[in-house]
Amino acid sequence: MEWCTAQNQVIRSRNEIPYRELNEFQKEISDYLDRNFRLIAFDVINLKENEDKNIRNLIAILSNDDHSNLKVATTEIDIREKVPSLSLKYPSFAIFERILAEEHGIDFKEHPYLKPMRDINFPFIYPLSKELHQVGVGPVHAGIIEPGHFRFTCEGEKVLSLEISLGYQKRGVKQLLLKYLKEKQPLTKIFALAESIVGDSSVAYAHLFSIIIESLANIFPDKRDLAIRGIFSEMERIAMHIADLSAIANDVAYLSTSAFLQALRTQIINNLLAICGSRFGRNFFGIGTNRLDFDADTIENMRKNLIDVRNSFINICDDFFSNAMIIARLENTSIFTKEYAKILGQVGISAKASGLPIDARSNHPYGIYRNFPIYPYTLKNGDVYSRAFIRYIEVQQSIKFILEVLDYFPVKEKNDFDKPILKMPELMKDSFCINIVEGFRGEIASFVTTDSKKDILDIIIVDPSVHNWYGLSVAMRNSAISDFPVTNKSFNLSYCGNDM
Amino acid sequence: MSSLFKSRLKHGYQAIKSVEQAKINERYRGFPKILTDITSEELMRKLVSICPTEAINNNPLSIDLGKCIFCGACEDFIEDSPIKFTNNHKIFAFNREQLIVTSEIDQDYFKRLKPNIEIEKLFKRSFKIRNVSAGGCNGCELELSASFNVNFDAARFGIDIVASPRHADAMVITGPITKNMQIATLRTWEAMAEPKVCILFGSCAISGGIFHQSNELAREILSNFNTLLYIPGCPVHPLTFIAAVKRLIGWGDDEP
Ligand code: SF4
Ligand code: SF4
């Protein structure tokens, strides 16, 4: 039986989500996954009001990236009963089942390792062999980064397994957000919280929340506003990719490149500051329109700035990526193969560097990307070099995109909104909507339902890091422990996005 | 090789020459000036209800910069708002109460605040910092590390990041302090040798910020620390951080 087909940003009635018995549900998931679909989200969702305490609705969202369609279906489970695990056959489910086990007490039969995702006191796997030793790092790290614990089991210098224990950043931000949405708090407050879910992806999250609320309320902003949102998103990507490349250069002690790139990042984020007052592009997005428009000076300055950044950037990377020492250090370091990337459901940089063309800007285009899609480049090697090089390509793509959009820049036609609205608009009742945006780390997916009183019923948010932390563990296997810092930087995953 | 030289030439000298003279773009939201505290009930109610972090209080109208996340909603979305943000980034205080801004407070108020004189003697020109990220969104962490990059270069004032709490004079907390980071934060503090100070970086660390209503926080552990510097922002601008620490360790307005 076919599941309900959905598109990014398109609102549908909640009744259209097909219901399946658990065994059918799991069988159909496996059919889809064998037919080139991948898992986007698997979570408990509140679909009915006043539910029985022990009954949960499970929802799975799958994506076929070649045909831009998404499939959803739901099933019901009783948390007192054991549920067969899908993880052994489809490891991309492993993380989601661990989250469900932790948050809802669902017991997945035959799950290889139902370790809670955000419980910091859970014991680690301990090697029985006396030949092996363990190295523990964190939660407080030597530099200025978020907290997390890494437990390496090593044979000499070689890492046999890396167990990552997160949860230190858990602030209950999803619950808080749902509460604010239900209370219909001022939208500025909702955006401020959304921008702090993952503070280095503020623009991507603000973009996500603007399209969530606009699709549920049938609000269509002007083309020009959409264009500006796209430009902001790409500015964030440029800034963060440059920061990541700078960190990689720093970790291999190529300090000149690291310093040059730091200065370039400042140049980009100061441009955002000059537009909206925040170096991270915060407090700019709104519903209906953005808080500010671009004037002629803004456009001209941005154009000049980007051309300048592009010239410097290409020069810097030309030296960096062709330096024999750098190539020797980064190439074939922590290889993550396409097969692994695929079965682990990787997204974003680590998928693209391993040969999987997954990018919401062309697979599930939204906003201005419907007119100016950005097609992902892929590399085959899946090593640190590839993950760094993909960023180099993407920065250039983003600059090109912004310059093109600036050239085409539509004038504002509709004047429905001269200011973003402040009060939560009226939403469509009994609906659901899937929204996906591409942050600099990869796709940020969401699923929202509304109830019969036109209020938000439930929300699921999946940060790309939820999929990708597992990838880092696997990439580290059989690498030297001294490769960890640079491998970690090449993934650059979010701790707070995982912990929420 | 030639591209390396080209890049180096183009890079030139990037550090901001004088952090004291430096001005941030005027769009930046720094010190909020309260133009008048004579406002209607109606306006007051609107101001209080729009603020995401309960930073605005009435009678008299005041903004708690320890709570404010500088979203600008109270200025941009309220007609005839009595609040006007300026780009003055030098906002920091040496105790919590000093962060409350009323209509009587002028631009230079923060400059006049005096830090603890003992600290100045102890740490002048050498101040080593250990960051504990405790639930922050990574915004403050990025800005803290940007303070040490080629543009801001805090190290020229003897301010530096060290890898171990054993070597640190100060613990800089970013983020609202989650329950799960409670033990790690306490242990970091315990591992530091006396004399030591605690710095709260960003509105999350000072008050819980945008997450103040979360029930996953363990803010009570803050009472164990000798907190001597409060730096508001969401995130804190690197120039604010540098100016604040400079005052704390006795550089005042001086520069090398
Ligand atoms: S700028 Fe500060 S005081 Fe004003 S609404 Fe935002 S958080 Fe509240
Ligand atoms: S103060 Fe703002 S930027 Fe800093 S950690 Fe908190 S939410 Fe993030």
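**Contacts and interfaces, term by term**

Me: Why is the link between the side chains of A:H104 and A:R56 called a polar contact?

Reply: In this predicted model, the side chains of A:H104 and A:R56 are joined at 3.0 Å. The cut-off for a pair of N or O atoms is 3.5 Å, one able to donate a hydrogen and the other to accept it, so a distance of 3.0 Å qualifies.

Me: Where does A:H104 lie, and which residues is A:H104 in contact with, leaving aside its neighbours within four places in sequence?

Reply: A:H104 belongs to helix 2 of chain A, which covers residues 94-104. With those sequence neighbours set aside, the contacts of A:H104 are A:V44, A:R56 and A:I79. A:R56 therefore appears under both terms: contact requires heavy atoms within 4.5 Å, and the polar contact with A:H104 is at 3.0 Å.

Me: What makes domain 1 and domain 2 of chain A touching parts, when their C-alpha centres lie 32 Å apart?

Reply: The domain assignment gives domain 1 as 4-109 and domain 2 as 220-424 in chain A. Contact is judged on heavy atoms within 4.5 Å, so the 32 Å between C-alpha centres does not decide the matter. By that rule, 12 residues of domain 1 of chain A are in contact with 13 residues of domain 2 of chain A. The two domains bury about 950 Å² between them, with 49% of this area on carbon and sulfur atoms. On the domain 1 side, A:N8, A:R38 and A:D65 lose the most area to domain 2 of chain A, together 44% of what that side buries.

Me: What kinds of polar link are counted between domain 1 and domain 2 of chain A?

Reply: The count of salt bridges between these domains is 0, while 8 residue pairs are in polar contact. On the domain 1 side that touches domain 2 of chain A, strand 5 (55-64) and strand 6 (69-78) each supply at least two residues. That side divides into 2 nonpolar, 8 polar and 2 charged residues.

Me: Why is the link between B:E216 and A:K170 called a salt bridge?

Reply: The N to O distance between the side chains of B:E216 and A:K170 is 3.8 Å. The limit is 4 Å between a Lys or Arg side-chain nitrogen and an Asp or Glu carboxyl oxygen, so this pair meets the rule. The count between chain A and chain B is 4 salt bridges, and 25 residue pairs are in polar contact across that interface. Helix 3 (173-182), helix 4 (187-195), helix 7 (255-276) and helix 8 (296-322) of chain A each give at least two residues to the side touching chain B. Helix 7 gives the most, with 11 residues. The side of chain A that touches chain B comprises 30 nonpolar, 15 polar and 16 charged residues.

Me: How much area do chain A and chain B bury between them?

Reply: They bury about 5,000 Å², 58% of it on carbon and sulfur atoms. A:I144, A:R171 and A:F260 supply 14% of the area that chain A buries against chain B, more than any other three residues.

Me: How do you know that strand 3 and strand 5 of chain B pair?

Reply: Strand 3 (residues 62-64) and strand 5 of chain B share 3 bridges in the antiparallel sense; at least two are needed, so the strands count as paired. One bridge joins B:D64 to B:I100 in strand 5 of chain B.

Conventions:
Residues numbered from 1 in each chain as written. Chains lettered and ligands numbered in written order. Predicted model: local features only at pLDDT ≥ 70, side-chain atom pairs only at ≥ 80, totals over all residues. Heavy atoms only, no water. Domains from an automatic or database assignment. Buried area = accessible area lost by both parts, 1.4 Å probe. Helix = DSSP H or I, 4+ residues; strand = E, 2+ residues; numbered from the N terminus. Nonpolar A, V, L, I, M, F, W, Y, C, P; charged D, E, K, R; others polar.
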